[in-house]
Amino acid sequence: MAIVYRSEKGEPLTNAEIDGNFAHLDDRKLEKNVLSENSAMILRDSAGELTHIAIPVSRLVGRLGSGEVKALTAAEVKALLAIAMSDVIGLVAALDDKASNDVATTDDDGLMSSADKSKLDGIASGATANDTDINLKNRANHTGEQAITTVTGLQSALDEKQNAITPDGGWGAIIGTSSKSGYDVSSVTLPELAAHVKAIVDALRSAGIIADV
């Protein structure tokens, strides 16, 4: 039985109609014990009428898709709460800025290896605090000797070099014009030979093989 409204009827309600209205409300009300036990919630059904559904203890209520509102199972709650990383604004970009779980290299950020951590722990606190970086980097302040064997490749590089030459002294200067041009041995003149000899002597002087003293 639906509620009868005086405004719709246009005249006073009869006693029977008033009783019917109260009976209708009494049928639709929720019992006190339902609410006091927190085991139900008030809803409107598809007809717009108030109704209630039972809610088991420690359960969430919701609607999956276009279904009815009901107490949800754990699996249904998980399905409702499941979201993708792309659904969270800025999450992927923020994670892209973080270091990976790989060990850090000289080129890429990452986690510190146990070997690197041990090396870092082995550096005393304030290890270079006794001097400034400028003085420490100045090679003029480095004293002592270092063996050739401690410099990788130095000995083999020196072995490939020519031994130092002591210039042969006592050579006097040759006056005139030198020449490196070719000539025919069958017709060469003495001045031409002299010019070539001067070119050879000048070259030996420049290379430090001969000298005046």
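Here is a short back-and-forth on a predicted model, mostly about helix α9 and its surroundings.

User: What is the overall layout of the protein, going from the N terminus?

Analyst: There are nine helices and four strands. From the N terminus on, the elements run α-α-α-β-β-β-β-α-α-α-α-α-α. Of the 213 residues, 10% count as buried. The protein exposes about 17,700 Å², and carbon and sulfur atoms supply 56% of that area.

User: Where in the protein is confidence highest, and where is it lowest?

Analyst: Helix α9 comes out highest, with a mean pLDDT of 90, while helix α3 (residues 32-36) is lowest, with a mean of 41. Over residues 30-37 the pLDDT is below 50, and this stretch has six contacts in the model beyond near neighbours in sequence. Where pLDDT is low, the predicted coordinates should not be read in detail. As for the protein average, that is a pLDDT of 79, with 83% of the residues scoring at least 70.

User: How do you know that the span of α9 agrees with its number of residues?

Analyst: Take 1.5 Å times one less than the number of residues. For the 17 residues of α9 that gives an expected 24 Å, and the end C-alpha atoms are 25 Å apart, so the two agree. Just after α9, G208 takes a positive phi of about 80°.

User: Why is H196 called buried?

Analyst: The cut-off for buried is under 20% relative accessible area. H196 has 14% relative accessibility, so it counts as buried. This residue lies in helix α9, where A195, K198, A199 and V201 are buried as well.

User: What is H196 in contact with, leaving aside its neighbours within four places in sequence?

Analyst: The partners of H196 are S179, K180, S181, G182 and Y183. Of these, G182 is 14 residues away from H196 in sequence, and their C-alpha atoms are 9.1 Å apart in space.

User: Why does L193 count as partly exposed?

Analyst: Partly exposed covers what falls between the buried limit of 20% and the exposed limit of 50%. L193 sits at 34% relative accessibility, so partly exposed is the right label. Its place is also in helix α9 (residues 190-206).

User: What makes L193 eligible for a surface patch, and which residues form that patch with it?

Analyst: A patch residue needs over 30% relative accessible area, and L193 has 34%, so it clears that cut-off. L193 forms a nonpolar patch with Y183, V185 and L190, and together they have about 420 Å² of accessible area. Y183 turns up twice here: it belongs to this patch and is one of the contacts of H196.

Terms used: Residues are numbered from 1 along each chain as its sequence is written. This is a predicted model: local features need pLDDT of at least 70, side-chain atom pairs count only at pLDDT 80 or more; totals for chains, interfaces and linings use all residues. Side-chain values use heavy atoms; hydrogens and water are left out. Patches are made of residues with over 30% relative accessible area and no salt bridge: like charges are joined within 9 Å, nonpolar side chains (Val, Leu, Ile, Met, Phe, Trp, Tyr) within 5 Å. Accessible areas come from the Shrake-Rupley method with a 1.4 Å probe; for residues, only the protein chains shown count as cover. A salt bridge is a side-chain nitrogen of Lys or Arg within 4 Å of a carboxyl oxygen of Asp or Glu. Helices (H or I, at least four residues) and strands (E, at least two) are DSSP runs, numbered from the N terminus. Buried means under 20% relative accessible area, exposed over 50%, partly exposed in between (1.4 Å probe, protein chains only). pLDDT is the predictor's confidence in each residue, from 0 to 100. Contact means heavy atoms within 4.5 Å.
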